[in-house]
Amino acid sequence: MNRQIGILDNDRNRLLVHDGSEVWITSGKSSGASIDGQLDLLANRDKGIEGQEVFGDGVFDFRYGPVTGGVIESGAYHLFTYGERILCVNIDWSYKHRGIERSMITQSVHDAVGRAEDICGNFAFAHSLAFAKAVESALGIEVSMQTKKLRIIGLELERIYNHIYVITQLASAAAQKVMTSHLQAIYEGLLRLNNDFFGSRFLKGFNGIAATRKPINIEALIHLSRRINGLSDRFEYLYKRALESENFMDRLHDTAKLDSEKAMTIGVTGPTLRATGVREDFRLHDPDYEGLRCATSQMGDSLARMEVRAEEVFGSVEIISDTAGELRELSESGIEPVEHGRRGHNGTGSGIGYCESPSGLLAYHVEIEKGKLASVYAATPSLLGFKAITESLPGNIFTDFPFAVDSFGAYFADAAR
Amino acid sequence: MKWWPVWGLTKRLTERKPYATEQTVETKIKIFRKSLHIYPIDVGNSNDLNLDIRALQAPQYNIHRFGIFFADVPRHADVLLVLGRPTEKMVPVLTETVNQMPEPFSIVVVENEDPTRRKSQTGVGIKSLNLPNVVAHLTNYREPGELIAVLLKIKGGTN
């Protein structure tokens with residue numbers, strides 16, 4: 001099933017679409033009128049999701065954000081309720097819109113990598129990777145095997161710490177104090193590990209166009225495997241304990257449920273879609289991820305989304321260990337040293353780049369003229385993640401709110417750009 | 001499996017290193033020696049600052065031992081942590097939040113944008129807002145230890 005993720009012109013003629021395995025551009029006219037609602041969402045993506053309202057006795061708009069202890073980012077939820085049950089949700093992330101894509105225009109492709117990272121700091125590596133792939137596709141640049149493997153390590157590290165963060169938030173919302181503290185310790189350990197090996201707690205400033213922006217010590221990566229395995233063992237112990245806690249499971253079970261049909265109609269990807277039983281992951285179609293185990297779950301609720309994330313943590317740890325070993329072998333064989341720094345890329349062209357970020361498909365379309373960006377479009381997973389929140393939250397009660405929202409892993413910074 | 005809290009106690013996760021910073025902290029308030037309540041406000045950062053501030057709650061830092069606590073609302077806070085460079089739409093929200101702070105209060109501005117990318121920065125410069133009681137402005141923030149050091153200076157003590 002083809003799903004729209006972006007509109008590249010004002011007339012809705014050029015659409016960015018995907019089918020779960022690749023991303024391409026198609027004509028809007030050939031897509032039919034049935035997708036108008038989806039296109040309105042994409043066209044309104046600087047502001048948020050609005051226009052839904054419920055009226056009735058005692059129903060009011062409870063505004064949650066942009067300054068509240070419960071929503072850490074500057075955005076606002078409009079919850080229509082009569083006091084307990086949530087009847088309808090609108091989401092306003094215009095507070096967070098920074099116009100980063102616009103600020104990238106006329107920049108050199110190298111300078112713009114850093115701006116792509118600034119769209120969403122906790123998806124910084126995924127943004128830099130999708131952007132770099134788009135530029136490399138536009139300019140026909142080959143990427144060395146070692147750089148590709150380093151990118152796999154960066155992307156999987158980002159997946160692990162993001163998933164642990166989400167599970168920590170869920171545990172915290174359920175007042176699982178001891179577990180939350182231990183998960184926070186693992187989360188902090190992962191950020192320190194990122195800093196030790198890639199020079200940034202959030203993996204910024206490392207990935208570049210066809211090369212890394214910093215030199216890397218391949219020998220040290222073997223220590224990374226050891227440390228990440230240690231943190232994974234600690235997480236496994238905690239996760240088994242969490243599954244034994246009826247209190248915790250009860251809060252997640254049947255909360256913010258989404259079935260596969262609805263998830264596909266919304267166009268949401270990543271752990272949210274896989275938690276509805278759909279085996280879709282862009283890494284499955286990447287030859288560098290040979291033998292990937294794709295974690296899925298069936299229920300489509302907050303618990304299923306947590307299960308998928310936990311399984312993906314274990315999967316990513318294995319990928320990192322294997323890839324670090326392969327990198328070491330490549331390094332010892334003396335072929336293809338890791339390139340770092342910037343090279344002159346002064347070509348002209350357009351291209352698409354994408355990757356499986358921690359919360360789903362992240363795609364870039366770029367147009368380049370003589371090495372400078374003429375247009376940039378970032379299709380981010382959080383936009384559709386928030387749409388999934390608005391579709392799944394009605395019917396739940398107020399105290400379900402954090403379990404519902406956090407389990408989707410959607411961020412205002414990512415959606416608002 | 002050990003009883004859950006016992007398993008936790010055996011881990012000894014809190015680190016013993018000193019937190020130091022060369023950042024100047026301009027405060028004359030002396031009443032926060034025993035406890036300091038902080039409220040972080042995101043004014044448009046790329047979310048890594050928000051997640052890094054969350055990491056302050058990790059047992060490695062154990063900020064409660066210094067008497068530092070997170071407040072749920074600005075009205076209960078002693079220090080407002082302004083995270084990032086404000087978007088235009090967040091400027092009035094930030095101003096109103098500052099108005100809601102109880103006296104005496106301090107503001108710490110935390111930014112982490114790469115200084116080489118200043119030309120392409122979006123949003124409003126924090127200095128142009130003339131916020132009151134800004135006691136520290138961290139322009140190239142790197143990790144939570146720096147922030148703890150600043151908060152300890154505001155408290156008027158060191159660890």
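How much area do domain 1 of chain A and domain 3 of chain A bury between them, and what percentage of it is on carbon and sulfur atoms? The structure on screen is a predicted model, and the answer, computed from its atoms, is about 700 Å², with 58% of it on carbon and sulfur atoms.

**First stop: the domains of chain A**

To see where that area belongs, select chain A and colour it by its three ranges, with domain 1 covering 1-43, domain 2 made of 98-138 together with 345-379, and domain 3 covering 142-344. If you then place a marker at the C-alpha centre of domain 1 of chain A and another at that of domain 3 of chain A, the two markers will stand 29 Å apart.

**Second stop: where domain 1 meets domain 3**

Keep domain 1 and domain 3 of chain A in view and display the residues in contact, which are nine from domain 1 and 10 from domain 3. On the domain 1 side of this contact with domain 3, the residues divide into two nonpolar, four polar and three charged. Now select A:Arg3 and A:Glu280, which form a salt bridge whose closest N and O atoms are 2.7 Å apart; the count of salt bridges between these two domains of chain A is one. For polar contacts, the rule likewise finds one residue pair across the interface of domain 1 and domain 3 of chain A, with both residues at pLDDT 80 or more.

**Third stop: chain A against chain B**

Next, bring chain B into view and select the residues in contact between the chains, 48 of them in chain A and 44 in chain B. Together chain A and chain B bury about 3,900 Å², and 56% of that area is on carbon and sulfur atoms.

Zoom in on A:Lys204 and B:Asp48, a salt-bridged pair with its closest N and O atoms 2.8 Å apart, bearing in mind that the count between chain A and chain B is five salt bridges. Across this interface of chain A and chain B, the rule also finds 18 residue pairs in polar contact, both residues of each pair being at pLDDT 80 or more.

**Last stop: the helices on the chain A side**

Which elements of chain A give two or more residues to the side that touches chain B? Select helix 3 (109-119), helix 5 (145-173), helix 6 (177-198) and helix 7 (221-244) of chain A, and then isolate helix 6 of chain A, since the largest share of that side, 11 residues, comes from it. Coloured by residue class, the side of chain A that touches chain B divides into 17 nonpolar, 17 polar and 14 charged residues.

Definitions and conventions: Residues numbered from 1 in each chain as written. Chains lettered and ligands numbered in written order. Predicted model: local features only at pLDDT ≥ 70, side-chain atom pairs only at ≥ 80, totals over all residues. Heavy atoms only, no water. Domains from an automatic or database assignment. Contact = heavy atoms within 4.5 Å. Buried area = accessible area lost by both parts, 1.4 Å probe. Salt bridge = Lys/Arg side-chain N within 4 Å of Asp/Glu carboxyl O. Polar contact = N/O pair within 3.5 Å; in protein donor to acceptor, adjacent residues only side chain to side chain. Nonpolar A, V, L, I, M, F, W, Y, C, P; charged D, E, K, R; others polar. Helix = DSSP H or I, 4+ residues; strand = E, 2+ residues; numbered from the N terminus.
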